[in-house]
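This report walks through a few features that can be found by looking closely at the structure shown below. Keep the sequence beside the picture while reading.

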Amino acid sequence: MLDSPVTSAESADVVIVGARCAGSATAVTLARAGRRVVVLDSAALPSDTLSTHLLWPAGLAELQRLGVLTEVEALGAPRLTQAYAEGAGYGITSTFPTVDGIDYAMCVRRTGLDGVLVRAAVAAGADVRQRCRVTSVIWADNRCAGVRYTDRSGAVVEIRAALVVGADGRHSTIARAVGADDPFLTVPSGRDCYYAYWRDTDDTPRDTAAQWRAGADLGTAFPCDDGLILSLVQPPATRERSGPGEAERRYTEAVERIPALAARLNGCHRVGRVRTATGISSYFRRSTGPGWALPGDAGHFKDPVTAQGIRDALHYGRLLAETVADTLDNPATLDRALRDWERRRIIECRAIFHWTNRLARGEAMRPLETELYRRATDDPELARITTGIFSRTRPPADLHTPVLALRLVAGALRHQRNIPAVLADLAREIRVAARNALITRTTLRGTPSRSTPPPAPSTPLLTAAHGESRPD
């Protein structure tokens, strides 16, 4: 089917598809720089979206840079001043590192968070249009030069722009339209993800973000706004097709297999349905080209086990805007700026990408990981390093030093007394480290393949919902 006749045409400096975290951060920053920005989203906003929405201090620092942290805090989510991790019988409590004066985390539901961000984009001067579905992109001289979309009345509108930003999530319409939807690196997760909200009890402290490991299961409890707890479980992934009641069953069974999580939820009552994300893969997509860019999940996604998605969407959306704001009038300069932005994201995210994929294996704790938990109960510095990795203030390499590795091996041999298992785990970790180093030097070297996308199709592309569709 061909596009319907265009009923109106206009122009802007930038058109952004997707008005949630990545899109709003980009829009706020560009609009404040004096650029004309149009933001399109197929949803009516604010509205909920699939997301576990824990914000480490670095994520809250991004909200502070956008000038919206005070309004987000007014939504009522408690400050989480402690992190707790338990596995193999060892419990570790630590505080959070300080990022731009912020030493706490928060878990804010997406309806409220996205509402604050959209209002900030409008206040900055961006033209935010809801319930508008992009049907195709416009090409001119082998450049992405705008989009066509259908508005809520059914009218077809064409917007020409120097830059098209696809901030439309994992199932990105823009990524598909520019030929970038096939990742150049993808790692399937070993876990499925299920989460639900619970009404918290009145007498339970609400200052701790907690995670438990039991067998191959992982579960969390994060106090959030409106007196609720976000409780997520990540059991090993299954290839079984989900049927009616499957999400409820898998969620309930996983909670029961994690006694400490079940105890935390004792006396609470469930609110609403179980949300589901299965068949998850972490990936990098080619994220820039002539006249287009993909911030947020559209270009790069990590398994929700490390809760990095919102921070990265805000951070790299803002950086994209700062990088291109002064280059939009010169196509060659703009394209160089886009390549620099993409390279920076790859280089900065590749270590946490590898770290996330380790935690997403979907298996029981192995000897060296058990020894790390044991040592961390008596060594606060190890706990601080771990929370620093999640908060992006410490590199994962700080937990992978040769000295620490030797200590973990010696401790595991001494305390677990299973020499074959310890040595097998060590050999595996060496193989994984070597493989990740090779991927970093090659696939994630910061200069991904840049084949020219195909010419504009003669028919419109079917669209997915424009929003940050992520379980993170």
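In this predicted model, a useful starting place is Thr327, which touches Thr333, Leu334 and Ala337 when residues up to four places away in sequence are left out of the count. Thr327 belongs to the loop between helix H8 (309-324) and H9. Is Thr327 buried or exposed? With a relative accessible area of 12%, Thr327 falls under the 20% limit and is therefore counted as buried.

**Aromatic rings**

The structure holds 7 aromatic pairs, and two of them are set out in this table, each with the distance between ring centres and the angle between ring planes.

| Pair | Centre to centre | Angle between planes | Arrangement |
|---|---|---|---|
| Tyr195 and Tyr197 | 6.2 Å | 90 degrees | edge-to-face |
| Trp355 and Phe390 | 6.4 Å | 80 degrees | edge-to-face |

The pair of Trp355 and Phe390 ties together parts that are 35 residues apart in sequence, because Trp355 lies in helix H9 (residues 331-359) while Phe390 lies in helix H11 (residues 380-390). Both Trp355 and Phe390 are buried, and ring pairs link these two residues with Trp56 and Phe96 into a cluster. Tyr195 and Tyr197 are likewise both buried. A ring can also have a charged side chain over its face, as with Phe301, where Arg170 lies over the face at 5.0 Å from the ring centre.

**The sheet and a helix across it**

Strands of a sheet pair through backbone hydrogen bonds, and they may do so in a parallel or an antiparallel way. Here, 7 strands form an open sheet with mixed pairing, in the order E5-E4-E13-E14-E15-E12-E16. Which strands are the edge strands? They are strand E5 (90-94) and strand E16 (269-277), each of which pairs on one side only. On average, and with direction ignored, neighbouring strands of this sheet are turned by 15 degrees against each other.

At one of these edges, E16 pairs with strand E12 (residues 193-199) in the antiparallel sense over 6 bridges, and the bridge partner of Cys193 in E16 is Ala277. Elsewhere on the sheet, helix H10 (residues 367-376) lies across strand E4 (82-87), E5 and strand E13 (208-214), and H10 runs at about 55 degrees to E5.

Definitions and conventions
Residues numbered from 1 in each chain as written. Predicted model: local features only at pLDDT ≥ 70, side-chain atom pairs only at ≥ 80, totals over all residues. Heavy atoms only, no water. Phe/Tyr/Trp six-rings, centres within 6.5 Å; stacked < 30°, edge-to-face > 60°. Buried < 20%, exposed > 50% of the residue type's maximum accessible area, 1.4 Å probe, protein only. Helix = DSSP H or I, 4+ residues; strand = E, 2+ residues; numbered from the N terminus. Lys NZ or Arg CZ within 6 Å of the ring centre and 35° of its normal. Pairing = 2+ DSSP bridges. Axes fitted to C-alpha atoms, helices over the stretch in contact; angles between N-to-C directions. Contact = heavy atoms within 4.5 Å.
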